Number of protein chains: 2
Amino acid sequence: MNDFVKPINTVDPVIFTLHDNKLKILLILRDKEPFIGKYTLPGGWVHANEGQDLTIEDTVKRVLKEKTGVDAPYFEQLNTFGSHNRDPRGWSISIVYISLIPWHSLDENLFKDNAKWVDIESLNQYELGFDHNSIIDFALQRIRNKVNYSILPVYFLPEKFTQTDLQKVYELVLGTKLDKSAFRKKIATLNFLEDTGERDFNVSFRPPLLFKVKETALQCFRSNFI
Amino acid sequence: MNDFVKPINTVDPVIFTLHDNKLKILLILRDKEPFIGKYTLPGGWVHANEGQDLTIEDTVKRVLKEKTGVDAPYFEQLNTFGSHNRDPRGWSISIVYISLIPWHSLDENLFKDNAKWVDIESLNQYELGFDHNSIIDFALQRIRNKVNYSILPVYFLPEKFTQTDLQKVYELVLGTKLDKSAFRKKIATLNFLEDTGERDFNVSFRPPLLFKVKETALQCFRSNFI
DNA sequence: TTAATAGTGTCTATCAGACAGTATTTC
DNA sequence: GAAATACTGTCTGATAGACACTATTAA
């Protein structure tokens, strides 16, 4: 039909989680060329053959499940990178997503030796394959910026959580401390929290209220990419 | 090397201009299948052969020049759309950009009969090929949102312009009226205007000051996509 | 002087940050 | 009651919108 060189197409998610009070990203040790022996983002090819991926979102969901073992509660498109020399095999186009997965939903035993969750402070010790260092910088900018006006960080938390939990997650993502009163006023205006009426009694002080995200807020947010 | 079906890759810019006090988009009448006889966004294939496009931005620049005859002063990536059925020829991936071009820089005579600048209010009268109607909706959201916190609309104006010109451009993009005092205070805080010391004397009232965009502001802004 | 727009000043409502105060629980 | 954190109230400075005021030019 059209008879010229087609670029390679991959989908490469930057998968974030929170663990040990650190923001971490999943990296994979490559076992084949190019960049054998280097870490890279977990990626996958678009399966365009009949009866396989129907949309690019199908590809992302499949890759996320293959690499983490779970269905990611959230992902969104970040940017598409393409050039003749970002992959030594030739012209390549990488459609990059960011995804957030709560650590507690992951099964650590499922991860093989070639998979590694690296906290973002330690990333400068890694020389990643392809242009993945700069892609991760881009992803960090996006997630930190988006935290300021969205409910993104709830995707790191379990179903029920306290406002203090929520504030800590925001602080870990941003890397800065926040004022409690101002934070709660802002969360209140965003109007996405629902009081469960329950409290967390596993504390030796006044038990905090447990909240969850309103069903409408989640659906509204998810519809960004469906 | 890798032996499976590769998707079709195209780059499809949504090219905006301002003309006759209307925000308009460039559409092309297709003269071949699929969607022959329908209007679509102007698009192009990535030329991945040796010595052609080196990066995806090269592809965009080339397509923009081919379709408008000029070098676009601004473009940025919008989103990438991919699925098995958005193009009847099979799995396809479209990397979509938005671009802003000032009307006065265009040469109307260069446009052939198959090219048409359509104002966005009239778009609902067109049933476009592919998924281009929904792509344009996406692009409109982006440009209207970005106007609120950026200098984007200056790319519709000539080098020197008045603050009233600038406000009118913002109003046309947003589709709403703005308060003069509030607008000027906001522009002042963004700190990207430089007083040329000149005035526009082609008026029958107090001649307004002419401003231009600070070189530093332009470079800073442009570096978003370089 | 009039007409028209340029350009500025003021008032108000809103909101985020700083910080202090009150409330509630366990031990 | 002490300790600890939950949760709320108040002050302040910054800002957007509404609106009116002064300035400047051509005719």
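# Briefing: two protein chains and DNA strand C

Helix α4(B) gives the most to the surface near DNA strand C, contributing four residues. Please keep in mind as you look around that this is a predicted model. Below you will find the DNA-facing surface, then the way the two chains are related, and finally two spots inside the protein that are worth a visit.

**The surface near DNA strand C**

- There are 18 residues around DNA strand C, and those that come nearest are R206(A), P207(A), T164(B), K180(B) and S181(B).
- Of the atoms of DNA strand C that come within 4 Å of the protein, 57% belong to sugar and phosphate.
- Sorted by class, this surface holds seven charged, seven nonpolar and four polar residues.

**Polar contacts with DNA strand C**

- The side chain of K185(B) places an N or O atom 3.0 Å from a base oxygen of DNA strand C.
- On the other chain, an N or O atom in the side chain of D179(A) is 3.5 Å from a base nitrogen of the strand.
- L209(B) takes part through its backbone: one of its polar backbone atoms is 2.9 Å from a phosphate oxygen of DNA strand C.
- The elements giving two or more residues to the surface near DNA strand C are α4 (180-190) of chain A and α4 (180-190) of chain B.

**How the two chains are related**

- A turn of 180° with a shift of 0.1 Å along the axis lays chain B on chain A, with an RMSD of 0.1 Å.
- The two copies are therefore related as by a two-fold rotation axis.
- The copies meet through the same surface, because 100% of the interface residues of chain B are also interface residues in chain A.

**Strand β7 of chain A**

- Strand β7 (residues 115-119) of chain A is largely enclosed by the rest of the structure, because four of its five residues are buried.
- β7(A) runs antiparallel to strand β2 (residues 22-29) of chain A, and five bridges join the two.
- If you would like one pair to find on screen, K24(A) has D119(A) in β7(A) as its bridge partner.

**T10 of chain B**

- You will find T10(B) in strand β1 (residues 8-19) of chain B.
- Is T10(B) buried or exposed? T10(B) has 16% relative accessibility, under the 20% cut-off, so T10(B) counts as buried.
- Apart from its neighbours within four places in sequence, T10(B) is in contact with G44(B), W45(B), I93(B), S94(B) and I95(B).

Conventions:
Residues numbered from 1 in each chain as written. Chains lettered and ligands numbered in written order. Predicted model: local features only at pLDDT ≥ 70, side-chain atom pairs only at ≥ 80, totals over all residues. Heavy atoms only, no water. Near = heavy atom within 4 Å. Polar contact = N/O pair within 3.5 Å; in protein donor to acceptor, adjacent residues only side chain to side chain. Nonpolar A, V, L, I, M, F, W, Y, C, P; charged D, E, K, R; others polar. Least-squares fit on C-alpha atoms with pLDDT ≥ 70 in both. Contact = heavy atoms within 4.5 Å. Buried < 20%, exposed > 50% of the residue type's maximum accessible area, 1.4 Å probe, protein only. Pairing = 2+ DSSP bridges.
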